[in-house]
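Open the model in your viewer and set it to cartoon. The stops below go from the whole chain down to single residues.

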Amino acid sequence: MKKIGIFYGSTTGVTENVADIIARKLEIPQADVHDVANISAEQVAPYTLLILGSSTWGAGELQDDWYNAVEVLKKCDLSSKEIALFGCGDSESYCDTFCDAIGILRNELKGCGAEFKGDRVDVSGYTFSSSLAVTEEGYFAGLPLDEVNEPDKTEARIENWLKEIIS
């Protein structure tokens, strides 16, 4: 059985709420759900699957706490770990940077030796014009969620994505 840790950065509570939904669906105790504002290598070490979540801010930027957290993760031995990414964005107001944080996290961590999971999310069903989260193969590199315009789709999207990353 995989030891799963959820790590999120949240300014307004939206990404934190999504992290809690994921934890509930996976029956992960709150002790394994971490705010990256206080991340340490010791927190990361026990997990085999890291579920990382960030909202996208400004002109397609990471949530503020992630800048330090990425540096902490880069110093960890992630070679035997799996990483799954999720992000929150606004596909109507910020259709040109929709969930860019997913792509930024992937680009920052892709050389760390971890295996990425849940990185073939179909872009159909989403309305956006551009996203750094879309891979060269045309998939989202993680789970994008729009709690502003499409909160009614969140539960089903999470459930489908979790089937992929847990299998």
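The tour starts with the overall fold and then moves to a helix, two loop residues and the cysteines.

This is a predicted model, in which local features need pLDDT of at least 70 and side-chain atom pairs count only at pLDDT 80 or more, while totals for chains, interfaces and linings use all residues. Residues are numbered from 1 along each chain as its sequence is written, and side-chain values use heavy atoms, with hydrogens and water left out.

**Whole chain**

Select the protein chain and colour by secondary structure. There are 5 helices and 7 strands, in the order β-α-β-α-β-β-α-β-α-β-β-α from the N terminus. Here helices (H or I, at least four residues) and strands (E, at least two) are DSSP runs, numbered from the N terminus. The chain is as compact as a globular protein of 167 residues, because its radius of gyration is 14 Å, close to the 15 Å of the globule rule. That radius is taken over C-alpha atoms, and the rule is 2.2 Å times the number of residues to the power 0.38. Along the principal axes, the C-alpha atoms fill a box of roughly 40 × 30 × 30 Å.

Now show the surface. About 7800 Å² is exposed, with carbon and sulfur atoms supplying 48% of it; the areas come from the Shrake-Rupley method with a 1.4 Å probe, and for residues only the protein chains shown count as cover. Of the 167 residues, 51% are buried. Buried means under 20% relative accessible area, exposed over 50%, and partly exposed in between (1.4 Å probe, protein chains only). Among contacts (heavy atoms within 4.5 Å) with a separation of 6 or more, 73% join residues 24 or more positions apart.

**Helix α4**

Select residues 100–109. Is this helix enclosed or open, and why? Helix α4 is largely enclosed by the rest of the structure, because 7 of its 10 residues are buried. Those buried residues are D100, A101, I102, G103, I104, L105 and L109. Show what surrounds them: they pack against β3 (49–57), β4 (61–62), α3 (66–75), β5 (82–88), β6 and β7.

**V36**

Move to the loop between β2 (33–35) and α2 (41–44), where V36 is found. V36 is buried, at 0% relative accessibility. Beyond its neighbours within four places in sequence, V36 touches F7, Y8, G9, D65, W66 and A69. For a distance check, pick G53: it is 17 residues from V36 in sequence and 9.4 Å away, C-alpha to C-alpha.

**G142**

Next select G142, in the loop between β6 (115–117) and β7 (143–145). G142 is also buried, with 0% relative accessibility. Outside its neighbours within four places in sequence, its contacts are L85, I102, G118, D119, V121 and W161. One of these, I102, is among the buried residues of α4. Between the C-alpha atoms of G142 and E16, 126 residues apart along the chain, the separation is 17 Å.

**Cysteines**

Show the cysteine side chains last. How many disulfides are there? The count is 0, where a disulfide is a pair of cysteine sulfur atoms within 2.5 Å. The sulfur of C95 has its closest cysteine sulfur in C99, 12 Å away, so it is too far for a bond. For C99, the closest cysteine sulfur is in C88 at 6.7 Å, also too far for a bond. Compare their surroundings: C95 is partly exposed at 29% relative accessibility, whereas C99 is buried, with a relative accessible area of 0%.
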